[in-house]
Amino acid sequence: MNFDYVVIGAGSAGCVVANRMSENGRNSVLVLEAGGPDKAKEIHIPAAFSALFKTENDWAYETEPQESMNGLKLYWPRGKMLGGSSSINAMIYQRGAPSDYDGWAEKGNEEWGWEDVLPYFKKAQNQERGDSSLEGMHGRGGPLNVMDLRDPSQISGAFVSAAIQAGYKSNKDFNDGEQEGFGYYQVTQKKGSRNSTAVAYLKPALGRANLQAETHALVTKLIIENKHCTGVEYTQNGTKKIVTANKEVILCGGSINSPQLLMLSGVGPADHLKDVGVDVQMDLPGVGHNLQDHLATMVTFHAKEKNTLAGAETLGQLAKYILFKRGMLTSNIGESGGFVKLDPESKAPELQFHFAPGFFIRHGFENPEENGKPLHGLSIGPTLVKVKSRGQIELKSSDPSDYPKIQPNYLSHPDDLEVLIKGVKIAREIGRQPALAKFIGSPYLPSAEIQTDAEIEDHIRQNTQSLYHPTGTCKMGVDPMAVVSPNLKVHGISGLRVADASIMPEIVNANTNAPSIMIGEKCADMILSG
């Protein structure tokens, strides 16, 4: 097989690249996805996303034991289907702070500052809000639909009111350049259904004669000859296949799969590759390093009333969703939240909060039940978004079917733990406000007995979870540990780019899906504009 461009991974960035590269009709494009089609109903029903965890639609990764977290191995869901993690996430639309991108530019990544990336956020977006004051910061008519939740819980609004009572600002638009404050989150939904990149970008383009998508196609190796990537090898239905790229291969596998495939193909830290039996094509020491992720510690309470998401699976709610795309099943779980700046001198908030009108403990696997029925609860999730700990992805072997070694080194930097301790205290403070009084009951986890900093620290070490935002493992930059250049070309290898969250030099201080889509838009534009 022979195509102009081969896109590896039909995820948050890959679907964008596939659409834009085939848009003018002049380029033949093949997109290869290791997972299957996005057919499961739980993908498209917003509140059902956690039912996809640890299924065939999830890579279901697990970290190495975390020394700073009592040896815990943390579960990392990643979408394994068309749409990738945009088909399994909580659909929160956040861009991050302008200073995040200006910081990238200051590190030598020219044309990646806030004013440079904003046009791509806008190009991607169809903002449903009709407020004319949004025009300068938001886009209309783009593929990705961004909307307010159709039927948010009354309790989510009470949480916002409680945060304001606690002294924090109101924020009705987290994506206009000012993050601080609390409000409802906007979501990537359309008419009450998930608007993944598979739905928004890939499927509308599949009617083009010059675009082909293959599922269950696991790419096992990049073909590199004389420091030039000429194509890829992949397996599909037990058969090994080879495809040639006339122009470029664009790797959009995400922060785990992209560095893994580079290393399997001989591009990475030379000593590590030799240790696992991979022939070195290019010694790039930064591949797999610079791993960053957001951590969340859920502060949960019993609910006084029975109007939480524990009631979302009733026949009445199912009928309301099927007939009208309304009701609790349109919830994205993390309906409201906000950002808090701890250090007045900081350029951006260090803490983000996610509020769920229901229990969300250990990804929902350990939500409390009674007589087989879920109990009603509320969750406030203080989330570390200015991350100082760094980890890495490494190969366990040269076998492409072996999952890589994921070592995030969570809480290895003491500042990260300090921020989360403050976050737990703020969550409790908000929970004590009058606006939540009629909804919020007794503390569940952590219990009311946990009060001192040392006790809160122990709780965090035992009960913190990933918020599903791994980034940074194919860092963009001009320094010796950079993997790709500012035009996303892999250093030392022609014909090969990376476009996904792995290229972030530093993680943005918010949910990472919208930035990944922006990266896909910008990558395609850089290729097409020459």
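A residue counts as buried when its relative accessible area is under 20%, as exposed when that area is over 50%, and as partly exposed in between. The structure described here is a predicted model. By this cut-off E248 is buried, because its relative accessibility is 12%.

E248 has a charged partner. Its side chain forms a salt bridge with R497, and the closest N and O atoms of the two are 2.6 Å apart. E248 lies in strand β13, which covers residues 239-251, while R497 lies in strand β28, so the pair ties together parts of the chain that are 249 residues apart in sequence. R497 is buried as well, because its relative accessible area is 5%.

Side chains of opposite charge can pair when their charged atoms come close. The structure holds 18 salt bridges, and two others can be followed here.

One of them joins the side chains of K107 and E506, with 3.3 Å from N to O. This pair also links distant parts of the chain, 399 residues apart: K107 sits in the loop between α3 (98-106) and α4 (114-124), and E506 in the loop between β28 (496-498) and α12 (513-528). K107 counts as partly exposed, because its relative accessibility is 44%. E506 is likewise partly exposed, with a relative accessible area of 33%.

The other is formed by E23 and R20, whose closest N and O atoms are 3.0 Å apart. Which of these two residues is buried, and which is partly exposed? R20 has a relative accessibility of 9% and therefore counts as buried. E23, at 43% relative accessibility, counts as partly exposed. The pair does not stand alone: salt bridges that share partners join R20, E23, K123 and E521 into one network.

From the charged pairs the description turns to the nonpolar interior. The largest nonpolar core has 129 residues. Those with the most contacts inside this core are W112, L222, V232, L262 and L488. What does L488 touch, leaving aside its neighbours within four places in sequence? L488 is in contact with W112, M476, L496, R497, V498, A499, I503, I519, C523 and M526. Among these contacts is W112, itself listed with L488 among the residues with the most contacts inside the core. Another is R497, the residue that forms a salt bridge with E248.

A second core is separate from the largest one and has 26 residues, including I45, Y75, L149 and M328.

Note on methods
Residues numbered from 1 in each chain as written. Predicted model: local features only at pLDDT ≥ 70, side-chain atom pairs only at ≥ 80, totals over all residues. Heavy atoms only, no water. Salt bridge = Lys/Arg side-chain N within 4 Å of Asp/Glu carboxyl O. Buried < 20%, exposed > 50% of the residue type's maximum accessible area, 1.4 Å probe, protein only. Helix = DSSP H or I, 4+ residues; strand = E, 2+ residues; numbered from the N terminus. Core = buried A, V, L, I, M, F, W, Y, C linked by side-chain atoms within 4.5 Å. Contact = heavy atoms within 4.5 Å.
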